[in-house]
Amino acid sequence: MCVPINGAVTGVRCDGLIIDDPVQVKDVLHNAALVKKRSIEANQKIDVALGTRLNDEKSAIKVLIMQRVCNGDPADVAISRLGKNGRAVVLPMEYDPHHEYRYDKDWRTEPGELLHPARFTKAGE
């Protein structure tokens, strides 16, 4: 079943969640207050509505795919809650070999190397 982040999930149970882009970056990019507001709303939806839909909280698979937008956004909250079986796969736009959550299978080797150089340029270029 697939629903938008603000869609109805009442009565639906599941063994896993895949949440893709709960905060639409293009809609809030230049408005810090709106970024924070949408992040809070997304966190509440994930915790209150989606989290209660799981058949078994301990065995459920939970995947969050998103671009970081601010402190306290859903990715920040998810990373802070990782248990011993949790894992964060973080792929920054520019490679940082010292990033706290550096993904050990990241194919890049040079600091500053772009995630997808055919699509993006370095900041300020």
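The paragraphs below lead through the nonpolar cores, two individual valines and the salt bridges of this predicted model.

Because the model is predicted, local features need pLDDT of at least 70 and side-chain atom pairs count only at pLDDT 80 or more, while totals for chains, interfaces and linings use all residues. Residues are numbered from 1 along each chain as its sequence is written, and side-chain values use heavy atoms, with hydrogens and water left out.

A useful place to begin is the interior. A nonpolar core is here a set of buried Ala, Val, Leu, Ile, Met, Phe, Trp, Tyr and Cys residues joined through side-chain atoms within 4.5 Å, where buried means under 20% relative accessible area, exposed over 50%, and partly exposed in between, with a 1.4 Å probe and protein chains only. The largest such core has 9 residues, namely V9, C14, L17, I19, I46, A49, L50, L54 and A60. The elements that give two or more residues to this core are β1 (16–20) and α2 (32–50), and the largest share, 3 residues, comes from α2. These elements are DSSP runs numbered from the N terminus, helices being H or I runs of at least four residues and strands E runs of at least two. Apart from this core lies another, of 5 residues, among them V23, V28, V35 and C70.

V9 gives a closer view of the larger assembly, since V9 is one of the members of the largest core. Leaving out residues up to four places away in sequence, V9 touches V3, A49, L50 and R53, contact meaning heavy atoms within 4.5 Å.

From the core we can turn to V63, which sits in strand β2 (residues 61–65). With a relative accessibility of 34%, V63 counts as partly exposed, and, its neighbours within four places in sequence aside, V63 is in contact with L17, I18 and I19. Of these contact partners, L17 and I19 are listed in the largest core. Between the C-alpha atoms of V63 and K37, which are 26 residues apart along the chain, the separation is 22 Å.

V90, by contrast, belongs to the segment after α3 and is buried, with a relative accessible area of 19%. Beyond residues up to four places away in sequence, V90 touches I79, H99, Y101 and Y103. The C-alpha atoms of V90 and one of these partners, I79, lie 10.0 Å apart, although 11 residues separate the two along the chain.

The charged side chains come next. Side chains of opposite charge can pair when their charged atoms come close. A salt bridge is taken as a side-chain nitrogen of Lys or Arg within 4 Å of a carboxyl oxygen of Asp or Glu, and by this rule the count comes to 7. In one of them E57 pairs with K62, the closest N and O atoms being 2.6 Å apart; E57 is partly exposed at 45% relative accessibility, and K62 is partly exposed at 47%.

In another, D104 pairs with R87 at a closest N and O separation of 2.7 Å. Both D104 and R87 lie in the segment after α3 (74–80), so the pair ties together parts that are 17 residues apart in sequence. D104 is exposed, at 52% relative accessible area, and R87 is likewise exposed, at 53%.

The side chains of D106 and R108 also meet in a salt bridge, 2.7 Å from N to O, but here D106 is buried at 9% relative accessible area and R108 is buried at 2%. Finally, salt bridges that share partners join K37, R38 and E41 into one network.
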